[in-house]
Amino acid sequence: MLIKSQTEIASHNVTDRKVFESRRQFIKAATALSASAILPNQAQAQAGKYANVTASPYSIAVAATDREDVTNYTNYYEFSTNKQDSTVLARALTTSPWSIEVSGETEKPGVYHLEDILKDNPVEERIYRFRCVEAWSMVVPWVGFPLGAMLKRFKPTSKAKFVQFTTLYNPDIMVGQRSHVLEWPYVEGLRMDEAMHPLTILATGMYGDALPNQNGAPLRLIVPWKYGFKSIKAIVKIEFTEAMPATAWNKSAPGEYGFYANVNPDVPHPRWSQSRERVLGSSLFTPKRATEKFNGYGEQVASLYSGMDLTQFF
Amino acid sequence: MPLTKQNWAAIKTVVFILCLTPFLSLLIDGVNDQLGANPIETLHFGFGDWALRFLCIDLALTPIKIITGQSWPIRFRRMLGLFAFFYASLHLLVFVVLDLSLSWAALVDEVPKSPYILAGLVTYLLLSPLAATSTKAMQKHLGRHWLTLHRLVYVAAITALIHYFWLVKKDYSQPLLYASVVTLLFVIRVINYYRKLTTLR
């Protein structure tokens with residue numbers, strides 16, 4: 001087993017409390033400064049599992065949200081609809097060993113061990129803005145690898161038009177799955193060109209360390225120009241399909257959550273505006289930030305949707 | 001042994017302080033930076049929850065009187081009703097000052113797109129005249145109209161529930177809980193009303 005569990009971490013690898021706290025102070029001070037003046041990669045230096053990952057040029061030059069906020073404010077309905085409770089409940093999940101079933105329109109179907117996938121896919125740091133459909137956002141230094149590169153290794157056939165992802169189904173551990181708040185297991189999907197886009201990654205870590213359970217360990221999707229619910233957590237199945245996958249939130253409320261779910265300030269949710277977002281970690285008196293189309297990644301991704309009416313395909 | 005005026009004054013002071021504790025607790029958390037990742041939401045939802053809770057408690061006083069035959073709960077009606085209005089005011093204040101940052105542009109953009117905000121504003125508009133006419137002097141001044149006016153509280157409870165149902169993303173367990181409580185309290189009143197009618201006959 002290549003993946004080390006928490007207990008196996010040698011004491012010399014654990015950050016000294018003083019170092020950790022001074023780092024937090026540094027980040028806090030840095031956040032208070034003008035964001036443009038900061039080199040975000042330096043602020044993330046840490047002695048975690050991925051302490052020395054290379055920073056990707058796809059990262060944005062914005063200071064990351066306090067890790068404490070990112071790890072205690074998650075929508076993980078498999079555990080709870082409460083954003084704090086999922087932090088505690090998700091501790092029960094064992095993420096190692098972990099395998100992923102690859103199926104559908106592929107020349108290489110099978111069950112793959114996560115550690116084998118990780119051997120073939122070197123990780124890098126991607127600092128992305130994460131915008132939730134609930135109109136809040138944060139900036140997270142994810143650690144992951146491009147989804148496209150991995151998908152290519154599975155040799156999708158010419159019939160593969162979409163990729164469907166499925167979260168683990170285990171109501172014994174994922175206690176939220178005992179209630180019918182959504183149809184379980186959680187399913188998400190991307191069009192093939194969206195999946196192949198260099199911005200789309202599979203994350204295995206964040207803040208230079210392994211992904212905490214509540215943030216989707218051991219493997220989650222990150223599609224930075226889409227609302228957060230597209231970024232499915234704890235993936236156990238990847239299927240290449242010809243038809244558009246029926247996704248969890250879309251099935252639950254088709255009028256409110258579309259398949260595309262691209263961040264778009266011009267298309268309000270039927271029950272609330274998407275023009276602005278509350279930036280987590282900002283002060284009580286900081287106004288909300290104006291939401292950018294495609295979450296600020298328009299230059300890279302807008303062409304994927306040229307000719308499409310985004311009001312219709314929301 | 002019947003309680004004296006001084007006894008009741010002391011009890012009311014204790015109840016007053018109890019009613020103030022959710023506010024103080026959120027205030028202390030705020031000062032100590034303990035409101036979580038989204039402090040504005042914590043304050044906003046916290047005050048909203050307590051406004052609805054006090055509205056439910058206030059609406060429970062008459063049913064308690066009906067069931068127990070005791071009239072003492074009615075002594076707290078004005079205070080609890082005003083606390084419901086106090087928390088509703090804080091809820092609205094957090095929305096306007098912190099969430100919208102007093103921006104007219106944000107208000108004009110967000111309110112029409114959010115039917116639940118409209119339901120919340122309607123609730124506040126319904127509660128405001130009740131708070132304004134809560135004094136003994138106003139009660140005397142309005143005479144029998146006072147009671148008619150204060151029946152608006154039933155409408156306010158319903159619009160408050162609509163406000164809650166409309167804003168929830170998917171998990172309706174909380175608004176359903178409050179809706180069950182309000183329904184139960186209404187049913188007790190209705191049953192009592194018809195029982196009175198038949199006794200009068």
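Tutor: Two residues are in contact if their C-beta atoms, placed from the backbone, lie within 7 Å. Keep that in mind as we look at this predicted model.

Student: Thanks! Among contacts in chain A between residues at least 6 apart in sequence, what percentage join residues at least 24 apart?

Tutor: Start with the contacts in chain A whose partners are at least 6 apart in sequence. Then keep those that join residues at least 24 apart, and the share is 70%.

Student: Which strand of chain A gives the most to the largest nonpolar core?

Tutor: That core has 77 residues, and A:Val140 and A:Trp142 are among those with the most contacts inside it. The strand that gives the most to this core spans residues 136-146 and supplies 7 residues: β5 of chain A.

Student: Which residue touches A:Arg126, A:Tyr128 and A:Met206, among others?

Tutor: Leave out residues up to four places away in sequence. The residue in question also touches A:Ile201, A:Ala203 and A:Ile222, and its name is A:Trp142.

Student: Which residue stands opposite A:Val187?

Tutor: A:Val187 belongs to β7(A), a strand with 4 of its 5 residues buried. Strand β6 (residues 162-167) of chain A pairs with β7(A) in the antiparallel sense over 5 bridges. Opposite A:Val187 stands A:Thr166.

Student: Lovely. How many nonpolar residues are on the side of chain A that touches chain B?

Tutor: In the contact between the chains, 20 residues of chain A meet 19 residues of chain B. By class, the chain A side has 6 polar and 5 charged residues, and its nonpolar residues number 9.

Technical notes:
Residues numbered from 1 in each chain as written. Chains lettered and ligands numbered in written order. Predicted model: local features only at pLDDT ≥ 70, side-chain atom pairs only at ≥ 80, totals over all residues. Core = buried A, V, L, I, M, F, W, Y, C linked by C-beta atoms within 7 Å. Buried ≥ 20, exposed ≤ 12 C-beta atoms within 10 Å, placed from the backbone. Helix = DSSP H or I, 4+ residues; strand = E, 2+ residues; numbered from the N terminus. Nonpolar A, V, L, I, M, F, W, Y, C, P; charged D, E, K, R; others polar. Pairing = 2+ DSSP bridges.
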